[in-house]
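Here is a short, friendly tour of one helix pairing and a handful of salt bridges. Have the model open as you read.

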Amino acid sequence: TFCNLSTMFVTLGRALRRAPALRSAAPSLACRSLATGPASGGAVSDEMLDKLGTLSTQALVDGLWVMGWPPAMVEGARGLKPGQKCKGRAITLRMVPQRPDIAADKPAGEISPEYEAFELCGPKEVLCISSVGPWESVGGDIKFLRLKQLGLGGLVTDGSVRDTDEILSYGFPCFSHSTTAKQGPAAMQPWECNGVIELGQTNPVVVRPGDAIIGDQDGVVVVPAAAAEKVYEIAHFRETVEGIIKEELVKNPGPPGKYYPFKPPIKPESPLGKLLDSKGVKYYSTRAAPAPRRSTPARFGSGRRQLSTAPPTMRAVVIRENGPAESLKYETGFPTPSLADGQVLVKNEYTGINFIDTYFRKGGPAYTQQLPFVSGQEGGGTIVDVTPKAAAAGLAAGQRVAYSVLGTYCEYTAVPAAKVVQVPDGVGLEQAVACMTQGFTAHYLTNHAHAGLVKPGEGMLIHGVG
């Protein structure tokens, strides 16, 4: 049996759930023409949403910048009062300029697009309303009373709101261009719920249903659902590095330019490289060999070199005492493995689940491992960190690889270079990982262990637990 790591973590940790925004987009997707792409770009789990919410908006902007994504801060959207913060998945509402036929054709009353959007909202959602102008009202006390009742996670608009005192009393975070006394319906009408919208009057930012919306004192940032995990890893690491730099400057006052600003790759011989080495912090450096040429076009943003995306801790299925299946414990803060020279750090996308894993879980003379340990025998993913000896062997960050070593029920595995098999562009990781233990076992059994018992043209049944 063999599975995607994310799927396994869903089952074991029950930490992820499909975004309501994605579900709500489904009816509209069914009637879209082939010339229009899907409205939603993916789903952000509750766990990832909470992680993003621990970071500052400037760190998220930096993370997207490192990845090469376009600017993502909603210009002009400021908290209605100081100290407001919000985090949630985007529910979108698009306003269009007023026109008699628009007003006549728009669904009225309770089935209006704005109220359809309202009913999709809850504590884990942020309602994003695109206005036709910065001073036009997107709503006030009567309309937004419903959002209070639903426990809305936040409201973001590039327009303005009215009845400010009442909205403040409702308690949910509100980020807008300003406040206004103007009436909204005189200038615009709600037209579409959960479509792709733009927020920001001067330099608009695209918002898709299900994107992560994070707001704080500095403003509001849109984190694309498709890139949320990578953005978190980079932004979290940058905040960690900035914390180390600030701590050092407090301890030893001096010009910040010695360490800051910084961008990847970091030279090991630089003051910042030496500082991070002294703290035992992994980072993407000039020690890594350049990525190999690709025969297929690189993904958007993949051309920039980046800091190591490995956080100090990871998700893993851990065995702290030998025993039955209940001994498998899902943990979210297990230490990310450190590297010895000659190893690479692989961010796993797939892991194999094999019968021999049960032997290591139960323990025994031939299967004793020092506790605690991470189970699993085969895995595959992308290299995110390379030591000098591994780089000399031709391995580099960004390469897709498969391998077979103990410790694959986790997000990151330290793998000796000799155990790594590079996966060709035309081969899927899923198939490559399946070959490492299960594939070689089947080959061995049919070609060596029972040599002579199998004749050409004969049928064979290969069975196992799966």
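Helix α3 passes helix α9 in a left-handed crossing. This comes from a predicted model, in which the axes of α3 (residues 46–53) and α9 (residues 228–251) come within 10 Å and cross at roughly 35°.

**The α3–α9 contact**
- On the α3 side, Met48, Lys51 and Leu52 take part, and they meet Ala228, Glu229 and Tyr232 of α9.
- Sorted by class, this contact has four nonpolar residues, two charged ones and no polar ones.

**Salt bridges that link distant parts of the chain**
- Helix α3 also holds Asp50, which lies 74 residues from Lys124 in the loop between α6 (113–118) and β4 (125–130); the side chains of Asp50 and Lys124 form a salt bridge with an N to O distance of 3.4 Å.
- Asp50 is partly exposed at 32% relative accessible area, and Lys124 is partly exposed at 25%.
- Glu233 and Lys347 pair up in a salt bridge at 3.1 Å, N to O.
- That pair joins helix α9, home of Glu233, to strand β16 (residues 343–352), home of Lys347, across 114 residues.
- Both Glu233 and Lys347 are buried.

**Other salt bridges**
- Asp46, Arg89 and Glu125 belong to one network, joined by salt bridges that share partners.
- Arg99 and Asp101 form a salt bridge in which the closest N and O atoms are 2.8 Å apart.
- Arg99 is partly exposed, with a relative accessible area of 49%, and Asp101 is partly exposed too, at 34%.
- The model has a count of 16 salt bridges.

Notes
Residues are numbered from 1 along each chain as its sequence is written. This is a predicted model: local features need pLDDT of at least 70, side-chain atom pairs count only at pLDDT 80 or more; totals for chains, interfaces and linings use all residues. Side-chain values use heavy atoms; hydrogens and water are left out. Axes are lines fitted to C-alpha atoms, for helices over the stretch in contact, and angles run from 0 to 180 degrees between N-to-C directions. Helices (H or I, at least four residues) and strands (E, at least two) are DSSP runs, numbered from the N terminus. A crossing is left-handed if the near helix is turned anticlockwise from the far one by less than a right angle, and right-handed if clockwise. Contact means heavy atoms within 4.5 Å. Ala, Val, Leu, Ile, Met, Phe, Trp, Tyr, Cys and Pro count as nonpolar, Asp, Glu, Lys and Arg as charged, and the others, Gly among them, as polar. A salt bridge is a side-chain nitrogen of Lys or Arg within 4 Å of a carboxyl oxygen of Asp or Glu. Buried means under 20% relative accessible area, exposed over 50%, partly exposed in between (1.4 Å probe, protein chains only).
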